[in-house]
Amino acid sequence: MTHSEQSLREMQAAVSAMAFGDEANAVRHLLSQLAPLDTYTQAVHARARALAESLRQKSAVSGVEAFLHEYGLDTREGVAVMSLAEALLRIPDAHTADRLIRDTFEQGQWDKHLGGSDSFLVNASSWGLLLTGKLVQMGHEPSPRPAHMLGRLVSKFGEPLIREALKAAMRFIGAQFVMGEDMAEALRRSRPYMRKGYRFSYDMLGEAARSEAQAEAYLQAYHEAIALAGRQAEKASLWEAPGISVKLSALHPRYQLTQEARLMDELLPRLKEIALHAMHMGITLAIDAEESSRLDIEMKLFARLFADEAFSGWEGLGFVVQAYQKRAFALLDFLAALSRMHARRMPLRLVKGAYWDSEIKWAQMLGLPGYPVFTRKEHTDVSYLACADKMLRTLDCFYPQFATHNARTVASIEALARAHGAKDTYELQRLHGMGEALHDMLLETTPSRIYAPVGKHKDLLAYLIRRLLENGANTSFVHMLMDHARPVEELIADPVAAARLRQGTPDSRIPLPVALHGKRWRNSQGHDFGNLAQMQALTEAVEPFKGASWPAPPSATVETLTGALQTARAAFPGWGATPVEERAGALDALADSLEQNRAELIALLGREAGRTLADADAEVREAADFCRYYAYQARRLMSAPEMLPGPTGESNRLSLHPRGVFACISPWNFPLSIFTGQVAAALVTGNCVIAKPAEQTPHVAARAVSLMHEAGVPRGAVQLQTGSGETIGAELVASAAVDGVVFTGSVETARHIAASLASREGALVPFIAETGGQNCMVVDSSALLEQAVDDIIVSAFGSAGQRCSSLCVLYVQEEVADALLTLLSGAMQELSLGDPLLLATDIGPIIDEAAASALHAHLRHLRQTARFIAATAEPQGRFIPPHAFEIRHIGELKGEVFGPVLHVIRFPGGKLQQVADAVNSTGYGLTFGLQSRVQEHTDFFADRIKAGNLYVNRSMIGAAVGVQPFGGEGLSGTGPKAGGPHYLLRFVTERTVTVNIAAVGGNISLLSGASDME
């Protein structure tokens, strides 16, 4: 490796490390870089005002802009139109399409949008039936609710005609956002704009590939687009010629940092192939920006591609930078160094960013140290201007391309270009259908390029959502331009001044992920597995523990168990009398300790339980969350008695008290989090605990108990007893010294425990059980199949299918079954099995030989009785790869299947009741999933499915403590839900004390107010 290459790697590592840095510091640094702009503040303001006033005077907005203003995502109607436009065109069956239409028209006040705009697009969209020209005469008579009108129209004209009319309307809406459904159409529609002087960059619609077949299809689509765009280029210069934007996630189904080795071997050659084609055709190729978690792998791939000698002398290989990322400014230094190393410029597109809300949510869900994006719009604007300034100062490295629809931003860029003598060395860019009037005004002096999406309208969802969010938000320039109630001064406000006034402080309405739950409990910290710096730190921390050995905890005997119970009963009075604040403090300390010892625990979970790095990291988080959440709940419930209402002269006080000694019996599939959650709940309520872990995972339990003792829990208050369930577990449950049992495991074992407790002499004790299930997911024909496949893969095969919440039975509407199963089969082939402590591993081993043997037997049975769909690989020992089979009825399964085996059942549209009846007939009721865009279907299953947790349009695993309390009903458990507000109440007894305060000589409080009795 050369010195330059080493330096470049160090720069990339530095960029990665900045992802979650302090926002205020980042903004202050950016502000310090904008001194050149200060000289031009007045000129910028005047220029921005002139542009904005001119635009308003002309009422110069496109139909798309008017549509976004009328139907933003801050309106119910906007959400409904988006849903209809996204889903209706790809729903193959009439029944589901009609339900979606009915849902849409019931979700908003459509009449308020009629006639409120001069835009034909707005009015046509407000009532899509207008496009038929015959069905509706708007404004001719007082209109009832549109849903009622729709009902009358359906009765008069029939559902098929209404359905086709609305499909036509949705195609019309889609055409406003998409340049063409194929490249040939896009090129035709681009010609009038080219005659005006516009340049073009074409983007193939469609999100990440889920299978190799999809990636190959996208690869061919890019080649076809390059060939056609190249013909359009003719003799134009490189910068004037059309360009193609490439999403790397479309070219490989596993485009993520953890799969770096595969990507270098498989994706990089494809990317080179496309780039060579673009170079040959004389056009530019831009590597498009995607989610923040993909930036580090994108940088690695781009650096390798840019360094290829095949591209020596070609300045058409470009990159896209998102200014809303905190590391955008530093990223430019990396790209500039790359450019100088290979002595050629690159076209560099600067955008503000299109995944902002998702980035915020992902960071909160993952418990990241901070947000990779700025939390205030003006901070993004400051970043954009600072990046623009650097680009214009680095013309030896970049051909700057500034994507913006904002008059203030344009004026600032013009000023910076003058300051650096770079007036004629950059171009502006806009989205198709957006900012047209502004860019038309600028075309005479500054080149402008249209970013034009190309693809089928049915692939519009992700693009449409991003456009709505960017330009339909209340804070966007386009939105404010159309709102004439807003003064121009507000429209062109200086973001630099606003950022300086607040000194870069983040938006307080968006707390850091660690403070997501406010003062109630602290959110646990996790990792971004797409961030190079975090992954290097995590793997380096885990590495020393891979070869470590932990002392085996001694196996319990009947004698040691008896002694432990005696010790626990002796410790109970003291621990039960300990103030709840002290007990809760011990749990808070334990949570901190779990996170501090994360690397060791991850290594131990991988070694003993076969947990992958990602799964183990999540399990440490969940264990810490249980501790902090139960500490919060205990303080809330037990700090002081609750005073109850009653008759005058009397006080009534309700207080909660610990029960005694609890037996906590936990499973091997969550050997840290469920184990810790059970014990923490019992301890914080003042009970003492005998903890009995699964036989397969005693070392994890032993380490957890040692951390509990270190955190301040007395040794007598929590004791570990390892051994078999048949001996130690049974003896523990049967003991009269036990005042309550918490259990997670099989239904069969739960029945034995319940029977044992029922047969005991003495007090009746609580039994809290969570017992798994035959978890089902339904995919109807309105579902986005790519999203459904993502969620199916995670739900069915994550943790090798060894979660009590794992997906077991997939119901797919027959109209989309073939398409979904083809996509699913391809995605399954991309999963990797292996050492769970390697980053690239998706699926680790089955827990033990007995479990693997049971799964082998089940697979043999399915091969004889079911239709094989797909398998990732052949089973080898304890490694059972994901399998999918089609069965006829859920009754063919005689019990739980605890492994990566998915059973698929087709169902006809309109037969949801039969599906619900079949799911409920199993008697299990733990988790249920639904993939649908039809609200009526969500309401239907929510009302009928007997399951503790129902998930819509997301995976069925990973319930968050305090957010999605977890637990089932029927054969799936007794409740209350773990990680929920009612869980601790099962660990305590309630006592009421009533005092007759009038008995000592009168009710003073009553008599003091009775002056009329004197």
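Leu366 counts as partly exposed in this predicted model, because its relative accessibility is 36%, a value between the limits of 20% for buried and 50% for exposed residues. The residue belongs to helix H16, which covers residues 356-366. Together with Trp362 and Met365, Leu366 makes a nonpolar surface patch of about 290 Å².

From this spot on the surface, the view can widen to the whole chain. The protein chain has 1014 residues, and 59% of them are buried. Its accessible surface comes to about 39,100 Å², with 53% of that area belonging to carbon and sulfur atoms. The secondary structure consists of 38 helices and 23 strands. Contacts often link distant parts of the sequence: of those between residues at least 6 apart, 78% join residues at least 24 apart.

Two sheet arrangements help a newcomer find the way around. One is a closed barrel of 8 strands, in the order E1-E2-E3-E4-E5-E6-E7-E8, and its pairing is parallel. From one strand to the next, the twist averages 30°. A good place to look at the pairing is between strand E4 (residues 317-322) and strand E5 (residues 346-351), which run in the parallel sense and share 4 bridges. Here Phe319 stands opposite Leu348 of E5.

Helices accompany the barrel strands. Helix H11 (residues 183-196) lies across strand E1 (199-204), strand E2 (243-246), strand E7 (427-431) and strand E8 (448-454), and runs at about 155° to E1. Helix H15 (residues 328-342) lies across E4, E5 and strand E6 (398-403), at about 165° to E4.

The other arrangement is an open sheet of 7 strands, ordered E18-E19-E20-E17-E16-E21-E22, with mixed pairing. Strand E18 (867-871) and strand E22 (949-952) stand at its edges; each has a single partner strand, so one side of each is left without a neighbour in the sheet. Neighbouring strands of this sheet are turned against each other by 20° on average, with direction ignored. Within the sheet, strand E19 (residues 883-886) pairs with strand E20 (residues 901-907) in the parallel sense over 4 bridges. Glu886 has Val904 in E20 as its bridge partner.

Helices H33 and H34 both pack on this open sheet. Helix H33 (residues 785-797) touches strand E16 (775-779), strand E17 (807-813), E19, E20 and strand E21 (927-931), and its direction makes about 170° with that of E16. Helix H34 (residues 814-828) touches E16, E17, E18, E19 and E20, while its direction makes about 135° with that of E17.

The loops also reward a closer look at the backbone. Most residues other than glycine have a negative phi, and most peptide bonds are trans. Ala800, in the loop between H33 and E17, has a positive phi near 55°. This alanine counts as buried because its relative accessibility is 1%. Asn953 likewise has a positive phi, near 55°, and lies in the loop between E22 and E23. With a relative accessible area of 24%, Asn953 is partly exposed. The loop between E22 and strand E23 (988-996) also holds Pro976, which is joined to Gly975 by a cis peptide bond with omega of about -5°.

Terms used:
Residues numbered from 1 in each chain as written. Predicted model: local features only at pLDDT ≥ 70, side-chain atom pairs only at ≥ 80, totals over all residues. Heavy atoms only, no water. Patch = residues over 30% accessible without salt bridge, like charges linked within 9 Å, V, L, I, M, F, W, Y side chains within 5 Å. Areas by Shrake-Rupley, 256 points an atom, 1.4 Å probe, with all protein chains shown as cover. Salt bridge = Lys/Arg side-chain N within 4 Å of Asp/Glu carboxyl O. Buried < 20%, exposed > 50% of the residue type's maximum accessible area, 1.4 Å probe, protein only. Contact = heavy atoms within 4.5 Å. Pairing = 2+ DSSP bridges. Axes fitted to C-alpha atoms, helices over the stretch in contact; angles between N-to-C directions.
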